[in-house]
Amino acid sequence: GIIIMLKSSLLRKVQLGSLETCRKHYSGGVSKFWKWTTKARPDWKSSYGEAALAFTVFGITGSSSLFLIRPIINQFGIEGSLKEGPNSYRIFYIASIFITSPIYATLLLFFGTISGRHIFFAK
């Protein structure tokens, strides 16, 4: 009973409160992670380590988005390649751009935040 009351009370406070309220109740791992991922970093042009990390995040994001998108596009029956003719390829290409763009952006922000570079990838 007490635990449920505390959880519901905490949930109401978090829903009604601000980010500071959330930080008070969930200070610990989440706030430490957020502080770490949003701290200032050297520019990728001046640091080989930052450049390597950024290129790795872009690579993982591109591969992951293709891995997720291909089955979705194929499920709609949209297939195409240059071998099958230019019209089938154009339809596939246009469909993949509209479906891939929001998923790629979301994955880029997700992987960028996990890598500790939220500010860089949110720009």
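What average pLDDT does the protein have, and what share of the residues score at least 70? The structure before you is a predicted model. The protein averages a pLDDT of 76, and 68% of the residues score at least 70. Two stretches deserve a cautious reading. Residues 1–8 have a pLDDT below 50, and beyond near neighbours in sequence this stretch makes 0 contacts in the model. Residues 13–17 also have a pLDDT below 50, with 3 contacts in the model beyond near neighbours in sequence.

I turn now to the aromatic residues. A search of the whole structure yields 5 aromatic pairs. One of them joins F58 and F121: the ring centres are 5.3 Å apart and the planes stand at 65 degrees, so the pair is edge-to-face. F58 belongs to helix 4, residues 48–75, and F121 to helix 6, so this pair ties together parts that are 63 residues apart in sequence. As for accessibility, F58 counts as partly exposed because its relative accessibility is 33%, whereas F121 is buried, at 8%.

Another pair is formed by F110 and F111, with centres 5.3 Å apart and planes at 65 degrees, so this pair too is edge-to-face. F110 is partly exposed, with a relative accessible area of 45%, and F111 is partly exposed at 21%.

Let me return to F58. Ring pairs link F58, F120 and F121 into a cluster. F120 sits in helix 6, which covers residues 118–122, and counts as partly exposed at 36% relative accessibility. F58 and F120 also contribute, together with W44 and F55, to a nonpolar surface patch of about 390 Å².

How values were computed
Residues numbered from 1 in each chain as written. Predicted model: local features only at pLDDT ≥ 70, side-chain atom pairs only at ≥ 80, totals over all residues. Heavy atoms only, no water. Patch = residues over 30% accessible without salt bridge, like charges linked within 9 Å, V, L, I, M, F, W, Y side chains within 5 Å. Areas by Shrake-Rupley, 256 points an atom, 1.4 Å probe, with all protein chains shown as cover. Salt bridge = Lys/Arg side-chain N within 4 Å of Asp/Glu carboxyl O. Helix = DSSP H or I, 4+ residues; strand = E, 2+ residues; numbered from the N terminus. Buried < 20%, exposed > 50% of the residue type's maximum accessible area, 1.4 Å probe, protein only. pLDDT = per-residue confidence, 0-100. Contact = heavy atoms within 4.5 Å. Phe/Tyr/Trp six-rings, centres within 6.5 Å; stacked < 30°, edge-to-face > 60°.
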